[in-house]
Amino acid sequence: MPAAALVAMYVGEDPARVRALRSAQPGGPAPRWEIAGPGVAGLRAVRQSDPDIVIVDGDVDDHPLLCRDVRAAAPSAVVLLLAEDTPPPPGVDGVISWTLLRSGLPGNVFGALAEVAAVTRAPGDRVTGLTAQEIAVLECAAHGMTADETAPELGLTPGAVRSALRTAKTKLRASSRAHAVAVAIRAGLFPA
């Protein structure tokens, strides 16, 4: 089963760094990059995106405060500071060097970060945004029911069932129906 796409977010304002991050060639699947500014709108974007990895630009004003705010907005993400020879402020998981980034990331650094994110992110962190209807559809899917079988059970149309399942898969970053059901079961949304 293919892994769900890694979502990485850069929080900063440097266009050269944005280009460098987007052009980095990881040894595994490339992350889906999202960009946010260091202001209130950027923090809102971090909260809405729920990224696996956040790279905060160390050149922004008051980056320790920004890192704290990013950690609060994305508590389950791996948060890294993009800086040179700077100790990470509290709440930051590490520092990534701009020199290293410019010269090309070695090996599969994003794959390694994805593994860290998967371990640090509890399954429940991804399911908090599910609606009751999406949870009910996933539970029926866990029992092997098709959309046509689920629809009368929940008082929906088969199209509404399929739509709820697609939305749940997206929210869970699941690669398949079975993957979405497995994440929901691990999170304790319903018994296996």
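Let me start with Asp57, which in this predicted model has a relative accessibility of 2% and therefore counts as buried, given that the cut-off for that word lies at under 20%. Asp57 belongs to strand β3, which covers residues 53–57. If we leave aside residues up to four places away in sequence, the contacts of Asp57 are with Tyr10, Val11, Gly12, Asp14, Arg17, His63, Leu81 and Leu82.

Two of those contacts, Leu81 and Leu82, take us to strand β4, residues 78–82, where 5 of the 5 residues are buried. Which residues of β4 point one way, and which the other? Val78, Leu80 and Leu82 point one way, while Val79 and Leu81 point the other way, and all of them are buried. As a general matter, side chains in a regular strand alternate between the two faces of the sheet.

Now to the pairing, where β3 and β4 run in the parallel sense and are joined over 5 bridges, with Ile55 standing opposite Leu80 of β4. Between these two strands the chain passes through helix α3, residues 63–73, and the resulting β-α-β crossover is right-handed.

What, then, is β4 joined to by 3 bridges? That partner is strand β5, residues 94–96, and the two strands run parallel; here Leu81 of β4 stands opposite Val95 in β5. Leu81 is thus a residue to look at on your screens, since I have now mentioned it as a contact of Asp57, as a buried residue of β4, and as the residue opposite Val95.

How values were computed: Residues numbered from 1 in each chain as written. Predicted model: local features only at pLDDT ≥ 70, side-chain atom pairs only at ≥ 80, totals over all residues. Heavy atoms only, no water. Helix = DSSP H or I, 4+ residues; strand = E, 2+ residues; numbered from the N terminus. Buried < 20%, exposed > 50% of the residue type's maximum accessible area, 1.4 Å probe, protein only. Contact = heavy atoms within 4.5 Å. Pairing = 2+ DSSP bridges. Right-handed = clockwise from strand over helix to strand, strands pointing away.
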